[in-house]
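Please look over the protein shown here, then work through some questions about its fold and a few of its residues.

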Amino acid sequence: MTSSETAPGRGTAVVIGGGLAGVVAAWALRGFAERIVVVERDRYPEEPAFRAGVPQGRHAHLVLEAGHRALEELMPGINQELTAAGAHRVSTSGDLKWLSSAGWMIDYPARMTFLSCTRPVLDKLVLDRVRTEPSIEFLEGTDVVGLLGSAQAVTGVKLRERGAGRGSEHDSEGGSERGEVRDFPAELVIDASGRSTSVPKWLSELGCRPVPEERVDAGVAYASRLFHRPPGVDFGHQAIYLQTKAPDKPRMGVLLPVEGDRWIVSLAGMRGAEPEPGEAGFTKHLSQLRDPGLSEMLREAEPAGEVRGFLPGPGVRRHYERSSPAGLVAVGDAASTFNPVYGQGVTISLFCAQVLRRAALRHGGIGTATAREARREIAAVSKNAWMMSCAEDVRFAATTGGPTGALIRLQHRYLDKVLHGATRNPEVTAAFHEVLSLVEPPTRLFHPSVVAAVLRG
């Protein structure tokens, strides 16, 4: 055993990427590594601001019920801080008007809520908390350009400074001057570099076997815009979600309240129904949604910014638990990238941090046993979210990859019945929201009381 496995607080952990997944992973390792270094290619802005290194940041984000429970466990009091900073707590019934593929969800005494704010506010408050930990340091304006080690074990990273610059979108390259490549040894390397991770390529350069992966691509594209909420306007709810309806209605739209008395509106379409660029494309996509409710809410709203597009790319699930050298753990989008329309990504990143801390606590450090357990448990906590998102994506004929066959068709038929039940039966609606909020596994929908209510419907 290594010293990092036999005694807490020994060794160095390097985190590749200083986004949300990276900083909460660093926070999770406090007390179990002597030194925790977060390597971030951008430079953080002094105030909450959109960053080019977080391209999805300009689009609607939420922390599901399970996510803000995990965040509160990791950082006690953080949810109160988010609320004080302007985040809205939205209940899944009453506050949220949800048009599913079967119709409008029925109102009921909601047990599930989510937190809604812009991504920069969430990132800044979490980052401020992480910066209070003396064992965590940040290398800003620095690229990781490769891994150290062999096919058997990752032993560190290769670093290169990017030069001077600030953390806004316009300075994302951090200047044109670049430093020399230097080696940075570490006992544990955490890949939190997101959906564009280069770690699989670097592993092949070390002679590792390809990491087994699954890919599902619905061809989704986004367009988002901030709006000032019209004064004195009361729609009876805070948020609206107009879902897709397979196979012939592949467009969706969501409006969420955010800080500054604003709304963030994100429109999306699956392959073949992508929003066209610019303001004209945004307006056209609004008019093509299944219901005019979102357009009506925006009728008197003034834009608070430009229309921004986003192409997230395919969903990818990398099975590091099946094949990985020692000393490496992938978290967040670097491990599993989901179709963003289901709002699962932030919550899964928080699950990854919980898993990492539990593994370090169980093994007393950051050694090979901790990494091995963390890889296995990260695969487990992301499995249900992956299964649910893939099952929905494959309803559209233009989707590539994903599950097929009689079993998935049977699942679709049952879920359709659940959704119909959720338009009229509060118990079914509550169960569905618990599953979508990642508080309960999909098996919750097969509880006898839910099945009975679905069959009665």
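Questions and answers on this protein follow.

This is a predicted model in which local features need pLDDT of at least 70, side-chain atom pairs count only at pLDDT 80 or more, and totals for chains, interfaces and linings use all residues. Residues are numbered from 1 along each chain as its sequence is written, and side-chain values use heavy atoms, with hydrogens and water left out.

Q: How many helices and strands does the secondary structure of the protein come to?
A: Helices (H or I, at least four residues) and strands (E, at least two) are DSSP runs, numbered from the N terminus. Counted in this way, the protein has 13 helices and 23 strands.

Q: Why is the protein said to be as compact as a globular protein of its length?
A: The radius of gyration is taken over C-alpha atoms, and the globule rule is 2.2 Å times the number of residues to the power 0.38. For 457 residues the rule gives 23 Å, and the protein is as compact as a globular protein of that length because its own value is close to this, at 22 Å.

Q: What percentage of the residues in the protein is buried?
A: Buried means under 20% relative accessible area, exposed over 50%, and partly exposed in between (1.4 Å probe, protein chains only). Of the 457 residues in the protein, the buried share is 57%.

Q: Among contacts between residues at least 6 apart in sequence, what share joins residues at least 24 apart?
A: Contact means heavy atoms within 4.5 Å. Of the contacts between residues at least 6 apart in sequence, those joining residues at least 24 apart make up 73%.

Q: Which residue follows helix H9, and what is the sign of its phi?
A: H9 covers residues 345-363, 19 in number, and reaches 27 Å from first C-alpha to last. The expected span of a helix is 1.5 Å times one less than its number of residues, and for H9 the reach is close to the expected 27 Å. After H9 comes a residue with phi near 70°, a positive value, and that residue is Gly364.

Q: Which residues of helix H2 are buried?
A: H2 runs over residues 20-28 and is mostly covered, with 9 of its 9 residues buried. They are Leu20, Ala21, Gly22, Val23, Val24, Ala25, Ala26, Trp27 and Ala28.

Q: How many of the 10 residues of helix H3 are buried?
A: H3 spans residues 65-74 and is mostly covered. Its buried residues are Glu65, Ala66, Gly67, His68, Ala70, Leu71 and Leu74. The count is 7 of 10.

Q: What distance separates the C-alpha atoms of Met297 and Ala66?
A: Met297 lies in helix H8, residues 293-297, and counts as buried at 2% relative accessibility. Ala66 is one of the buried residues of H3. The two are 231 residues apart along the chain, and their C-alpha atoms are separated by 29 Å.

Q: Is the peptide bond from Ala246 to Pro247 cis or trans?
A: Most residues other than glycine have a negative phi, and most peptide bonds are trans. Pro247 lies in the loop between strand E15 (239-242) and strand E16 (251-258). The bond from Ala246 to Pro247 has omega near 5° and is cis.

Q: Is Asp261 buried or exposed?
A: Asp261 sits in the loop between E16 and strand E17 (262-269). Its phi is positive, about 55°, although Asp261 is not a glycine. With a relative accessible area of 53%, Asp261 is exposed.

Q: Is Leu438 buried or exposed?
A: Leu438 is in the loop between helix H12 (426-436) and helix H13 (448-456). Its phi is near 65°, a positive value in a residue other than glycine. At 13% relative accessibility, Leu438 counts as buried.

Q: Which residues does Val145 touch, not counting residues up to four places away in sequence?
A: Val145 is in strand E9 (residues 142-149) and is partly exposed, with a relative accessible area of 27%. Leaving out residues up to four places away, Val145 touches Lys158, Leu159, Arg160, Val181 and Trp202.

Q: How far apart in space are Leu148 and Lys158, C-alpha to C-alpha?
A: Leu148 is also found in strand E9 and is buried, with a relative accessible area of 14%. Its contacts beyond four places in sequence include Val157, Lys158 and Leu206. Leu148 and Lys158 are 10 residues apart in sequence, and their C-alpha separation is 6.7 Å.
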